[in-house]
Each structure stands twice: as C-alpha cells, then as structure tokens.
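Colleague: Could you take me through one part of this model closely? I would like to hear about the place where the chains meet, and then about a helix beside it.

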Amino acid sequence: MKSPTAPVLLISLVVLCAITVANASDHEFKGVVHAIEANYGVHHMHIPLLGFAMFFARPEGVSGMKLAVFENFHFSGESEHVTHLIEDSLGEGWFPFVKVRSKADSETTLIYTNPSGGKMRMMIVSLEATEATVVEFNLSERSIQGWLKEPGEMADDHRHHHLD
Amino acid sequence: MRKTLLLMLLLAAPITARAQEFKIPPNIDRLSAKAKETVEVTMEGPMLRWASKFLSAEDPEEAKCAKLVQNLRGIYVRSFEFDKESAYSNEDVEQLRALVHSPEWTRVVGVRSVHDGENVDVYFKLENDKMAGIIVIAAEPKELTFVNIVGPIDVDQLADLGGEFGIPRLDTSSAKKGDRR
C-alpha cells in the first residue's frame, strides 16, 4: 500500500522544481522589485507558501506566475517617475503595452509585454495609494487574444480584480 | 561628387521623414491631469508583427486584421475619461487637430453630432498616393480619444482594425443620422 504522504511529497517536489526553474529566469522581475524597494524605501512582504498557493490558485490561461506585494507604500499618483523607474529596470525585449491611470483612486497600472516565439510574458505593476504589487506571468494563446482585442478593458479587469 | 551627395540626400530623406513621424502629441499628458481615468495603449513594430500571429486565421475579420497589422509600424491609443462635461476645452481638441494641419494630412471624415455632442475626425496621411497613417480624434462630452495608426494601410481593410488593440469601432451608421451639422 502506498503511503498517503507520497502524493503530497510528489506535488511539493513538482512545485519546488517549478519555482527553481522560474527563479533562474526572473532577473527582470527581481530588478523591478528591487527598483521599487530602493526608490520607495519599502520591502515586499514575505508570504508563506506563496509559490505553493499560486501553483494551485493561478488565474486561467496563466503560468509561471511571480508576485511581490508591498504594503505601507506611499504613492502620490505621480506616474511619470515610476514609469521611468520600471522601464529602466526592464531589459531589452520588453515593450510598453497598456498604462491606466485613475486619478480618483490615485492608482496607476503599468503593463509591459515580452513576446517571444509562441509565448508572451507580461509584467503588471499596480500602484495604489498605500499598496503596490508586481506580477509577472506567461499568457496562454487564448489569453493573449483577449488582451489584444481589448487591452484597456483587460487592464481594467485586472485592476478591479486586484481591488476586490 | 555633387551626384553622390544628391543621392545620399535622396536616400536619407525617407529616413528623416520617418524619424520626424510623430506617435503621440507632445503635450497630450496635460489632459491626464484633468482626466478621471487615462488609458494608454502602445503597440510598436515587433510587438505588432508578433501579435498578428495570434489573430485567428479561422475568423475572416481577424484574418484580415492580421494581414493589415503585419505592415504597421505602430498603434498608439490615448483615451481620457472625465468626471464632468466641459472638463477639457475646445482648445485642447484644437491642439490635437493642429498636429495634422500639414499638406500630407487630409481630413476625410468629420462627424459633428449636436444631439449627443460626439465629434469624430479622421485624418489620412498620404505618401506617394498611398495611405501611410491614420489619426482619429473622437471627442465626447466626458471622453476624449486619440488614435494614431502609423504605417501603410489599405483603406478597404481599415474598418477591420476597429475593435482590436483598443481601437474603437468606427460606427459608420452614425453618418446616416440626421443630427449632424
């Protein structure tokens, strides 16, 4: 009889492997996170079992997700400085795609894409008055079509989903 | 020597013209300060060519759009939503229109709706009798949208771009309404 812990160990091993592979190619993500930390004097939160949670709770059409959350963040809504900051951190191959600024919420969402082959990597930086998040992920073909059709609305959906 | 210089100048001319090609009006960010929400969509050459692969070949409309997009150099959309009417001035819109007050630009569509205050202007850029760009300025009481499509475009395929990449659909039926002036 198989040990009941075997499937759990197997899943954990797969998740750990996935995280290790992701870490090997996440220098752009780390660059953006470090740039925000250095410029705004904040540190991203340590979320226990984040990689494990994201493996199971990732949105449809998304893979290789990386997330950094900053609390006690002070954002005045001035988006030009942070735009330069993010763009300087991202290397070649990243293109600005969508930028949404909401004055009422003092919120800015910056979206960059890195297309290569049949994949698209997307980096979303959301800045609110007291919180910021950086998310990077790979999009499936179906999700790419949705983003290309209605980029502004998809960015809005992402923003409202994040606010909820 | 003079011939060589002339040839060099002729060869450099299209490059210079392309370098001067504007993408986004330089002072359009002023409108962000007044807007409740600003949406910017930017898609340039490599991204567009790559994106065209993801438009479905099975959908006839998307297939036409993919063909059109492959040759474009950029699509730039700036959309501003305001809290109240008259948040932006006629002068703001005139400054956008002033950008296309040059011989290579021709205003081909102008819709003025007294009923709902929607004003749409479409300008075509012609180079050697071929369309090389389109600018759309859509002004509504609480919304202002600027679209710049840079690159060669077939007029017949133009409508196919509406509804893709954040470009609003151009409702040609509104031209039939009797509330224009």
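Modeller: Here is a walk through the contact between the chains, followed by one helix of chain A. This is a predicted model, in which local features need pLDDT of at least 70, side-chain atom pairs count only at pLDDT 80 or more, and totals for chains, interfaces and linings use all residues. Residues are numbered from 1 along each chain as its sequence is written, while chains are lettered from A and ligands numbered from 1 in the order in which they are written.

Taking contact to mean C-beta atoms, placed from the backbone, within 7 Å, 18 residues of chain B touch 20 residues of chain A. On the chain B side, β1 (37-44) and α3 (45-52) each give two or more residues, with β1(B) giving the most, seven. Helices here are DSSP runs of H or I with at least four residues, strands runs of E with at least two, numbered from the N terminus.

β1(B) also pairs with strand β2 (residues 95-102) of chain A, antiparallel over five bridges; pairing takes at least two DSSP bridges. Within that pairing, Arg101(A) has Thr38(B) as its bridge partner.

Now to helix α4 (residues 79-89) of chain A, where Ser79(A), Val82(A), Ile86(A) and Ser89(A) are buried. Buried means 20 or more other C-beta atoms within 10 Å of the residue's own, exposed 12 or fewer, and partly exposed in between, with C-beta atoms placed from the backbone. Seen down the axis, the buried residues of α4(A) fall within an arc of 95°, so they line one face of the helix; the arc is taken over directions from the helix axis to the C-beta atoms. Their cover includes β2 of chain A, together with α2 (27-40), β3 (107-116) and β4 (119-127). On the other side of α4(A), Glu80(A), His81(A), His84(A) and Asp88(A) are exposed.

Definitions and conventions. Contact = placed C-beta atoms within 7 Å.
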